[in-house]
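Colleague: I would like to learn how to read charged pairs and surface patches in a model such as this one. Could we go through them case by case?

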Amino acid sequence: MRWFGFGFNAFGQIYGQDKLLEGECFENEQEVKVSSPTELTAQEDRSDCRLKTDCQIRASWSRRASLYLNGDSCVCLSGFVSNDSCGNPVKESRGCKDAIISESYLTLAFSDRLESWDLQKKETSPSWSMEIKTDPEISGTPLNLPLVPGGYIATKTPLYRSLSPHLRAKSLALSSEHAILLSASGTVYTWGLGSHGQLGHGGLTPEEEPRAVEALWGMPMSCVATGGWHSVCISDGGDLYVWGWNESGQLGLPSRGLRKATQQQISQQQEESPCRDASTSTAEEPQEGEIHEEVFISIQAFPALLDITPSCEVSTVSCGCRHTAAVTTTGDLYTWGWGDYGQLGHQTLISSDEPQRVELFKEQQMRVVDVVCGAWNTFASVVKEEVAGP
Amino acid sequence: MSKDVSLMHTLWTKISAVLPKDEEQFPLPFGAIVESSVVEMLRRSRRQLYSETTSASRMLTAKVLLDFSWEKLNTGTWRHVDKEWRRVYSYGCLFKVAALCRGVPSAEDVLEALRTCDMGLLMGAAIMEDILQVIVRILQGEVRKSTKREDSEHPQVKRIKMECPHVPVIREEVAIPRVKRPSLESFNTNYLLPLKPLILEGTIEHWPALNQHPWSIEYLRSVAGCRTVPVEVGSRYTDEGWSQTLLTVNEFIDRYILNKDGVKGSGYLAQHQLFDQIPELKADIRPPDYCCLGEGDEEDITVNAWFGPGGTVSPLHQDPQQNFLAQVVGSKYIRLYSPEDTDKLYPHQSQLLHNTSQVDVENPDTERFPEFAKAPYLECVLQPGDVLFIPVQHWHYVRSLELSFSVSFWWS
């Protein structure tokens, strides 16, 4: 399995970290905004972590964590990390079973304990830890960070928050201000701030306690994800539902602000590079006034079904702050939303309110199997496409 | 920067003169709430300011700072956004402005720099002794130099074609009383303490806005034409199609007052602390002396501008402070209801709009709101030079009858 990354790379979290001195960042647009999927490679001075073994990726704004679970498991960090960390496994992570990363904390799950380490200060002990009682009678659902026994780990302090066992939480996605929980029965619950419709209950008011999204009642869901101000989930049947803020087209619904900004962007880019092939952009003719009657959606307060592409099932989805990436059962990766840093992977810096396939994987006959988004970037894992027999 | 000692006072010379001399003298004090990765970006921008690098690099680092802090500014409620993030946003604006104005900026660069300063003033928090305010003045001077010629080539229409407003006739029984220059004591005894509305006449004649530089479209363009301000679009804030946008004062005047591009719908520069943003206009007004009867200091008075064409409507609502509404240009029809009659005014139930009535005052739905007709009220047509005292929590409805500019003073 190979991993590719695209989007925000100012701290070398996708590639090129070996070129940066400690704490430095890239200044050059090509290095900061990676608009074409770039393979993640093993760093030169890494001795015992090889990207040949399967790894999982977690990403925050300025860092990427590679989680190696085979044999001697560990986490390696890239991006805004100290020099001695760069390329070497985080020593506190040896033997971990799972990890999640936010801008401030690296949370590690071990078989007998959980630990959250402050990434900004060099400390000798974790900021928070908890023992896991490995009682076979209370084994329940397997560990699924940020879910932990009895609750979950939030993105800011207090780190540990409790959750009612009645919810039977199976998976949880968090943004800094809202949360979406998937129960064992496939019910979706949301809570937190709702000013941009991200809770999906039809209004803009906050919810202090988990509240079931009634509009999805009766349709079991299998996967949930959150962006900064939007939420998505996939039904058992592979349908994708979206709700929340659509200011950059992150819901895949027509976005008025985006159309205006995109038109400006395109005319600017055409001025700068007149030989650029305009067919790579999703431009409309820059005319005055409405081209056709269109309903723009800036806030979607109830879940809406999003048809990415006809007759395709979605297998997994992930969100950055203001963009969304989905993998179909046919092995294609679709992205939409904010694209200023190349996080949509279409070799442009244009945002889009329409899901588009990342063509590079198709062209190189790669099958996308997973996608994980950082705040402003996207990571996709691929395997070689098997040539279909007759 | 070139060491050419020619005395050409370029824009960049003026701007770098107000910036710290070097990196060491450039403060970047931030608390723990700003992540170290962001502080690193800030330091990078500062380094780029004083070193040889490309304009593209500087713009890019500034963009990262602006994008990151913008997300923080949009997280949670505005009131709870940590001031540190608003400062980061202002630093982002500063670094972007510096990058735009370096070397030989084009006219578009200067306008973009101006817009960026305004974004920092509107959404950010003051940094480095309000340096964005200092720089905006330099930029305005630059813009004025280049537009002076253009003005004489295209003489503006001096007068808006006279709107003939349908002026409602005010019945004497319900007219808000008028007193010319009441003494502090009589105002306090007869109106402030018993919370009774009053129109004070002859109290703002001395304002430069009515004297030395009478406010007009031309004057506003010259003082603030290229400045970016928030504008409310859509007929009233209780409507579904209502939204806010950012325009320059010139754009606002052209589109919503002169209707130059035939855009439908109304625009209102409403409830904006314009005078904090544009000190030249602040110098044209004075807080009414009567505010000293309150408990707060002069700094605690919130001053808002209300500038728009005829037909702008503020639906019936109440505010938690005393209000002096000073009319400078044009006239407004205003109706007041006492808080004692709130039960007949059908306020919205929602938290967001509970201070706003559901009733359309000049076209009430008598079936849905039968009690409304029974509520007693006072009304007036407020003219230039008038100051209306709206007691705290008094319900008020306002409709402009023509091009209008009012200034409100909220005090306690």
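Modeller: Gladly, and please keep in mind throughout that this is a predicted model. Let us begin with a residue whose burial we can judge: A:Asp332 has a relative accessibility of 8% and is therefore buried, since the cut-off for that class is under 20%.

Colleague: Which residue forms a salt bridge with A:Asp332?

Modeller: The general idea is that side chains of opposite charge can pair when their charged atoms come close. Here the partner is A:Arg357, with the closest N and O atoms 3.6 Å apart. The two lie in distant parts of the chain, 25 residues apart, with A:Asp332 in the loop between β22 (323–328) and β23 (333–337) of chain A and A:Arg357 in strand β24 (residues 352–357). While A:Asp332 is buried, A:Arg357 is partly exposed at a relative accessible area of 27%.

Colleague: How many salt bridges are found over all chains?

Modeller: A search of the whole structure gives 39, and a pair within a helix makes a useful second case. In chain B, the side chains of B:Glu84 and B:Arg87 meet in a salt bridge with an N to O distance of 2.8 Å. Because these residues are three positions apart in helix α4 (residues 83–101) of chain B, about one helical turn separates them. B:Glu84 is buried at 16% relative accessibility, and B:Arg87 is buried as well, at 14%.

Colleague: Where in chain B are B:Asp386 and B:Arg178, and how many residues apart are they?

Modeller: Their side chains meet in a salt bridge at 3.0 Å, N to O. This pair links distant parts of the chain, with B:Asp386 in the loop between β10 (377–382) and β11 (387–390) and B:Arg178 in strand β1 (residues 178–180), 208 residues apart. B:Asp386 is buried, its relative accessible area being 6%, whereas B:Arg178 is partly exposed at 37%.

Colleague: Which residues are joined into one network by salt bridges that share partners?

Modeller: The network consists of A:Asp332, A:Arg357, A:Glu359 and A:Lys362, so the pair with which we started is part of it.

Colleague: Turning to the surface, which residues make the nonpolar patch of about 210 Å²?

Modeller: That patch is made by A:Met1, A:Val369 and A:Val383. Of these, A:Val369 is found in strand β25 (residues 366–373) of chain A. With a relative accessibility of 37%, A:Val369 counts as partly exposed, and it can therefore belong to a patch, for which over 30% is needed.

Technical notes
Residues numbered from 1 in each chain as written. Chains lettered and ligands numbered in written order. Predicted model: local features only at pLDDT ≥ 70, side-chain atom pairs only at ≥ 80, totals over all residues. Heavy atoms only, no water. Salt bridge = Lys/Arg side-chain N within 4 Å of Asp/Glu carboxyl O. Helix = DSSP H or I, 4+ residues; strand = E, 2+ residues; numbered from the N terminus. Buried < 20%, exposed > 50% of the residue type's maximum accessible area, 1.4 Å probe, protein only. Patch = residues over 30% accessible without salt bridge, like charges linked within 9 Å, V, L, I, M, F, W, Y side chains within 5 Å. Areas by Shrake-Rupley, 256 points an atom, 1.4 Å probe, with all protein chains shown as cover.
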